Structures are given as structure tokens and as C-alpha cells.
Amino acid sequence: MEKQLNYIIQQYDRLKYALLAAQNFDKGHFGFPEIYYKIMESDQKRINAFRTAFDRIDLTHKVVCEAGVGRLALSKHYLPKVKKAYLIESNPKLFDYLRAEIQKHNWQDKVELILGDARNVVLPEPVDAIIGELMSIYAINELQVEIFKHLRQFLKADGHLLPEKIMNVVQLVQTDFEEDHRHYPLLLTRHLPTQLSLQKILNTIDLYQINELGFSGSITITPILSGKVNAIYMHSFVQIIESCNFTGTDSLMPPTLCRLEKEVAVTAGKTVKLYAQFKYGTSLDEAQFWVE
């Protein structure tokens, strides 16, 4: 154990980029590496937040649709209760696993497994809930917005989206980056940046209403410390349903540091403008943030 701890300590500075590599969606293999599924499945804080939401809205005898089911980490908590479930997955490496699990639990009579792109799926009936944990920081790397925009046409008038709202919060900071990286997720407290402002909401994504597939705009921020700003601290507050919230873990939507287009000196008490431009479902490497 001591040898393992020593190794981890020696690798502290590299861990932030190791986590980044595991979390990057790779279109070439239709999803994430196997180790990341294991990371997500062991994240009880993340899973329990959704389990609480399932219990609050009571999915007993309901018809549901889940997009991006992975290895059923969330699905198995509601499948015993529901009347019907449409499960969508695009990663072909998971298809045999999903079929076997559905058969093993005798869910085949109430589960329709849809193998393909959730953005093209046509459901045969309205559903009571649409579940999709297709989330990434600011919804930039993943297809949460685009998929829910498409699937919500099949939601009953009194139905639920889970999650339903994402509030993207920003803070001006100074931190260190490796030369070839523009961003990294926070994993350990020693990776915390020097914070020069308080947090402020950049934008809010209402998944029931949003039609735009990106954000372009600016907000004003007043630094509380003078210094050089070279990055933003990104944090997403997720409302799964009202009064049931999720604000990120190391497996899903961790607070993230992203490099500004250029470093800027700021003065305590002197308001500046933060500009942001990004598209949902693309890559954080393509997002642009700058201060004037």
C-alpha cells in the first residue's frame, strides 16, 4: 500500500491530464474507453443523485426513454419499476453486453433496445420521462443539448426531462498549463487555481426550451484581487429535477480550468468583460474565452 501511495503522490501533477484523457469522447470508438465506464459506475454520488430524482417523480408503470445508456449504470435502478423503456446506445462495443443484461434480468418484454444515434430516433409513442446523462462541463463536449432538443418532441405534456436545466458558472483565475493543453479537470486540491473573482453565471440551459446549439455572448465581472488572468474556472450546476441537484464529480462534469485566448492583467474593483463563444456537442478545445 505504501508503494502505491508513493506512486500516486509522484504522479499528482500528471493525474489531471490522465483524467482528461479518460473523459474525452472519441468518435472513432463511438464512446469512452472501458476504464471510464468503470469510473462512472463506481461514482455513487453521481448515481445516487439520479436515483433520488427517479424516486421523486415515481417511474412506477411509466414509459421512459434513456439516451446513452452505457452499461446500464442508471437504467438498472428504474427498469424493475417501469412499464416500458426505450434504451438508446450508439457504441457498438456495448451491444452484446446490453442484450445479455436485458435477457439476464428478464426485461426483454418491456425493453426496446435502440442501437444508433439518438438524434435520429423516432419513438413509437409519447413517453413520461426522457433520461440522458450525456453531460460534460458547459455541455460543450457531449451531445446533451442536441439529443434532448430532438427527443423532447416525444415527451408527454406533463412529462419530465432528467436533467432539465444546466447553469454554467464562471470565475476568473490564474493557473498553470502544460504547453500542449488548453484545459484540464480539477481532481486534487493542489490543482486549484488562484481565484481572482467570485463565481458568476455565464448562461443557463433550459433543456425544455433551448433551440440554440451554442453560446456567444459576454458578461461583466469585477475582480476582487489584482493579478494576471489566464484562465476561467468552469463549473456547471445541474438541476436534474427541482430540488434534486448535481454539481459534478470526478467522473461527470468536474469543475474545469480552461485557458483564455490571452493573459490579461486585472485590477481589484475594476470591472472587465468576459466573452465566450462555443458550440454544444463539439470540443472544449474549440471553445473561445477572452477578457477585455
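These legends describe four close-up views of a predicted model.

**View 1. A patch of negative charge on the surface.** Five residues gather here: Asp-13, Asp-176, Glu-178, Glu-179 and Asp-180. Asp-176 sits in the loop that runs between strand E6 (165–174) and strand E7 (183–185). Its relative accessibility is 58%. Asp-176 therefore counts as exposed, because the cut-off for that class is over 50%.

**View 2. The cis peptide bond between Leu-162 and Pro-163.** Omega for this bond is about 5°. Most peptide bonds are trans. Pro-163 belongs to the loop between strand E5 (155–162) and E6. Strand E6 also borders the loop that holds Asp-176.

**View 3. His-61, a residue with positive phi.** The phi angle of His-61 is about 60°, although this residue is not a glycine. Most residues other than glycine have a negative phi. His-61 lies between helix H4 (44–57) and strand E1 (63–67), in the connecting loop. With 62% relative accessibility, His-61 counts as exposed.

**View 4. Ser-243, a residue other than glycine with positive phi.** Phi is near 75° at Ser-243. The loop around Ser-243 links strand E11 (227–241) to strand E12 (244–246). Relative accessibility at Ser-243 is 56%, so this serine also counts as exposed.

Note on methods
Residues are numbered from 1 along each chain as its sequence is written. This is a predicted model: local features need pLDDT of at least 70, side-chain atom pairs count only at pLDDT 80 or more; totals for chains, interfaces and linings use all residues. Side-chain values use heavy atoms; hydrogens and water are left out. Patches are made of residues with over 30% relative accessible area and no salt bridge: like charges are joined within 9 Å, nonpolar side chains (Val, Leu, Ile, Met, Phe, Trp, Tyr) within 5 Å. Accessible areas come from the Shrake-Rupley method with a 1.4 Å probe; for residues, only the protein chains shown count as cover. A salt bridge is a side-chain nitrogen of Lys or Arg within 4 Å of a carboxyl oxygen of Asp or Glu. Lys and Arg count as positive and Asp and Glu as negative; His and the chain ends are not counted. The place of a charge is taken as NZ of Lys, CZ of Arg, CG of Asp or CD of Glu. Helices (H or I, at least four residues) and strands (E, at least two) are DSSP runs, numbered from the N terminus. Buried means under 20% relative accessible area, exposed over 50%, partly exposed in between (1.4 Å probe, protein chains only).
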